[in-house]
Amino acid sequence: REVARLAVPALGSLLADPLMSLIDTAAVGRHGSTSLAALGPNTAVFQIVFQLFSFLSITTTGMVARACADGDGETVRRALANSALLALGFGSAVCLGLNAFAADVLRVMGCSPDLVAAATPYLRIRAFAIPAVLFSTCAQGGCLGQQDAKTPLRIFLVAGAVNAALDVLCVGPAFGYGLNLGVAGAAYATLAAQYASAIIFFLVLVDRRMLPREWRLWRLPSAAELRRITSISGMLLLGSLCRMGVYTMMTTTALRLGTLTMAAHQVALQIFWTLTYFVDPLFVAATSFVARDFGRRPARVRRMSALLMGLSSAVGAVIATLSFCVSAFGAGAFTTDPTVLASIKSVAPLMGAAQLVSALVLVTEGVLIGCGDLRYLLDVHCLNFVALGGVLWWVGRTGAGLQGIWVAVFMNQALRMVQHAAHVWRGGGPDLFARHGDGRGDGRGEENG
């Protein structure tokens, strides 16, 4: 019941950003394969940025969860305020950097001159939303740390509705009317939706006194607070860099294989990423509940970890089936190009298999984060970055095509699963097998205590 109360509402809020990208993909895809291909490197850039700074949300969730368990309201407020200030600072810097070097970033991603021209407007416009997105993810982390998933859900539902409505209005002309702004119109729609969610989050958190009402109380984090934040977030940041580096290499490999391959990869990756977010509520539950109870209630941590891993396997089976079916039979919602459709259908089995493994891997990593096992995760992501880089280099050199890229996706997930299973078996993370003697039995004594 505890998992369901947090995970079910969290699903809608966690799907907000991928659904916005998916809506943009569906709207822009009807303008042709070139417009669709232009979204590919942009989506990769923003996925890198948002995953790169996901440590802000994860760190906030853990710190707020621990502070709530201790009944420390002042620490809750400081943790959330510090995260918000860091989010706005990092977001503003990245926004300015992407606008100044937009064309260079796209060229580094492997875009041809024509594709750079088509993709640059979307990148520059949507970059202005980065401060709002990072602030919203921190605010969401604060709510989730208090086991409140309903507030983010309501806010992101409003943002999703704004994005969909403005896509119809701004993208045109596939819908028969609108401003006919094309790719730039999709960027404006997402920009407006993400600032709407940030403003609502700010007003709600100020009203709940989770954020200061007076501007003079917004002070920068102290040296001690920064050390506490960086001790957790530094390894998460480096792990995110390696993990997203793998997906960036996949996108650049697809770009080198041609526009049609890139268009097919864009659709396939959007389907894959969107369905993966259905597992994220269980990841959130792992980072929140395990962080709250780790070191205090070992038997509860053990039971919660086993439950979450079992649920992730069941959810993984469902989304693997959906991934296969959407890719094999529903890709026509994103493109009408027969070559692109055939390419997407050819990788449907690989997408389903990767989705199944990915679900268990993601939740296991949430449990390990909750246990503070961050150094191990950093080592794993660095190793996988090197290994997958070699596989993708081989794909690019041999022309293995989209199938070769998705073999790499599956290998990335399977390798992580084997590594995590071996780590837990050796005694890392939660003591699932109660070998150390401190958590034997059913845990009723500690629950009653």
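This is a short tutorial dialogue on reading helices, burial and contacts in a predicted model.

Student: Where do I start? How many helices and strands are there in the protein?

Tutor: Start with the secondary structure count. This predicted model has 19 helices and zero strands.

Student: And how do I get a feel for the whole chain? What share of the residues counts as buried?

Tutor: Burial is read from relative accessible area, with buried meaning under 20%. Here 56% of the 449 residues count as buried. For the surface, the protein exposes about 18,000 Å², and carbon and sulfur atoms supply 66% of that area.

Student: What about contacts between residues at least 6 apart in sequence: what percentage join residues at least 24 apart?

Tutor: That percentage is 82% in this protein. You can see examples in single residues. Take Phe46, in helix H3 (residues 33–52). Phe46 and Ala127 are 81 residues apart in sequence, but their C-alpha atoms are 8.2 Å apart in space.

Student: Is Phe46 buried or exposed?

Tutor: Compare its accessible area with the cut-off. Phe46 has a relative accessible area of 1%, so it is buried. Leaving out residues up to four places away in sequence, Phe46 touches Leu98, Tyr122, Leu123, Arg126, Ala127 and Ile130.

Student: Can I try another? Which residues does Leu115 contact, beyond its neighbours within four places in sequence?

Tutor: Leu115 sits in helix H7 (residues 113–127), and those partners are Thr34, Ala37, Ala38 and Leu255. Leu255 is 140 residues away along the chain, with 9.9 Å between the two C-alpha atoms. Leu115 counts as buried because its relative accessible area is 6%.

Student: How should I read a polar side chain, say Thr61? What does its side chain reach?

Tutor: Look for a polar partner atom. The Thr61 side chain reaches the backbone oxygen of Gly141 at 3.2 Å. Thr61 belongs to helix H4 (residues 54–70). Gly141 is also one of its contacts outside the four-place window, along with Leu144, Gly145, Thr287 and Ser288.

Student: Why does Thr61 count as buried?

Tutor: Because its relative accessibility is 4%, and the cut-off for buried is under 20%.

Student: Now two residues on one helix. Where do Ser312 and Val315 lie?

Tutor: Val315 is in helix H14 (residues 298–329), and Ser312 lies in H14 too. Ser312 is buried, since its relative accessibility is 0%. Val315 has a relative accessible area of 26%, so it is partly exposed.

Student: And what do they touch, setting aside residues up to four places away?

Tutor: Ser312 is in contact with Leu282, Ala359, Leu360 and Val363. Val315 touches Phe278, Val279 and Leu282. Leu282 turns up in both lists. Val315 and Leu282 are 33 residues apart in sequence, with a C-alpha to C-alpha distance of 9.6 Å.

Student: Last one: how do I read a helix pair? At what angle do H12 and H16 cross?

Tutor: Read the axes, then the handedness, then the residues. The axes of H12 (residues 259–276) and H16 (residues 348–370) come within 10 Å and cross at roughly 35 degrees. That crossing is right-handed. From H12, Ala268, Ile271, Phe272, Leu275 and Thr276 meet Met351, Ala354, Gln355, Ser358 and Leu362 of H16. Those contact residues divide into seven nonpolar, three polar and no charged.

Methods
Residues numbered from 1 in each chain as written. Predicted model: local features only at pLDDT ≥ 70, side-chain atom pairs only at ≥ 80, totals over all residues. Heavy atoms only, no water. Axes fitted to C-alpha atoms, helices over the stretch in contact; angles between N-to-C directions. Helix = DSSP H or I, 4+ residues; strand = E, 2+ residues; numbered from the N terminus. Left-handed = near helix turned anticlockwise from the far one by under 90°. Contact = heavy atoms within 4.5 Å. Nonpolar A, V, L, I, M, F, W, Y, C, P; charged D, E, K, R; others polar. Buried < 20%, exposed > 50% of the residue type's maximum accessible area, 1.4 Å probe, protein only. Areas by Shrake-Rupley, 256 points an atom, 1.4 Å probe, with all protein chains shown as cover. Polar contact = N/O pair within 3.5 Å; in protein donor to acceptor, adjacent residues only side chain to side chain.
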